[in-house]
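Trainee: I would like to go through this model with you. Where should we begin?

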Amino acid sequence: MKAVIVCHLENDLRNNFGEAKKIPLEKQTFEHVPKLLNWIGTLKIPITVSVMAGGQVGNRLLLALKEKNVKIPNNINLGIHFHAENFTNSKWQYEKPLELPAYENYYNQFVQSLSIKPKTVVFGKWKVDRQAYPLFAKLGITHDASNILPRGIINPPANINGLITVPGLSYNGQPVNPLTRLSDFLLTKKIISRYHNKNLLLHLAFHSYDFFSPQNPTHWRGIKKIIFTDILSQLKKHNVEIVNLENVNSGKNETLEKMPVPLLGRLFQLIGH
Ligand SMILES: [Zn+2]
């Protein structure tokens, strides 16, 4: 087994609650971002950080990283995380993808703000937009980490229209995030301990805000750090190599179709979070 770890770097969740939902842009902050990047730096393993552009955030996160002169630790590879939602009829609508010029515009702003040409992309809400692939190929983007397949738990990377897609860990067609659900945490641990000798590529994804309190986004949720470092120590214990998303090759890995979920894991899945 090898592993790829991708963090979707986003705004905080403060404005997802109550009245603040109606003030979508100005209430968003990125106060947790430098804290998280610093912490990831101390982990000394390759992690792809996919910076959100578009949707609720527009170009504000890119500008904030530039203006605050946020230092990007050496173990972080930056990618771009396109969001497309727009605020109509008093709520965020997620149906329509970005137009091609908008992708290119955000890409250019990314390069200007961070002085890096991103090679990897993640679509918001896992909504893959294959129409954009030819443009991405032209821009030098090589990998898309947004695929959640309806079947299988771990699916191998594939070359689709010139981009290597790296499907995320999923169960019953839903993304698995060990930081948000206890059942997902147990499932992830079980997969690592049971299948680490197999030729599988485990793609773990999480959000930057998963580590912070939604009410006070500068406050760490310590339990999330413990969960994350526990997963990392599992990977280390079983000699799972962590690789950069942009170094993943297509066509060399197996599929994990299904597995018996531990009773405790099933129970927690029924209970929910
Ligand atoms: Zn996102």
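Mentor: The questions below go from the whole chain to one helix pair and then to one residue; keep in mind that this is a predicted model.

Trainee: How many helices and strands are there in the protein?

Mentor: Both kinds of secondary structure are present, and the count is seven helices and 13 strands.

Trainee: What is the radius of gyration, and how does it sit against the globule rule?

Mentor: The globule rule gives 19 Å for 273 residues. The protein comes close to that, so it is as compact as a globular protein of that length. Its C-alpha atoms fill a box of roughly 45 × 40 × 40 Å along the principal axes. The radius of gyration is 18 Å.

Trainee: Are α5 and α6 roughly parallel or roughly antiparallel?

Mentor: Helix α5 spans residues 182-195 and helix α6 spans 222-237, with axes 10 Å apart. They pack at an angle of about 10°, and angles under 35 degrees count as roughly parallel. The pair is therefore roughly parallel.

Trainee: Which residues of α6 make the contact with α5?

Mentor: On the α5 side the contact uses Phe-185, Thr-188, Lys-189, Ile-192 and Ser-193. By class, the contact has five nonpolar, three polar and one charged residues. The α6 side supplies Ile-227, Ile-231, Gln-234 and Leu-235.

Trainee: Is Ala-132 buried or exposed?

Mentor: Ala-132 lies in the loop between β6 and α4. Leaving out residues up to four places away in sequence, it touches Leu-100 and Tyr-103. The cut-off for burial is 20 or more C-beta atoms within 10 Å. Ala-132 has 23 such neighbours inside 10 Å, so it counts as buried.

Notes. Residues numbered from 1 in each chain as written. Predicted model: local features only at pLDDT ≥ 70, side-chain atom pairs only at ≥ 80, totals over all residues. Axes fitted to C-alpha atoms, helices over the stretch in contact; angles between N-to-C directions. Helix = DSSP H or I, 4+ residues; strand = E, 2+ residues; numbered from the N terminus. Parallel < 35°, antiparallel > 145°, perpendicular 65-115°, else oblique. Contact = placed C-beta atoms within 7 Å. Nonpolar A, V, L, I, M, F, W, Y, C, P; charged D, E, K, R; others polar. Buried ≥ 20, exposed ≤ 12 C-beta atoms within 10 Å, placed from the backbone. Rg over C-alpha atoms; globule rule 2.2 N^0.38 Å.
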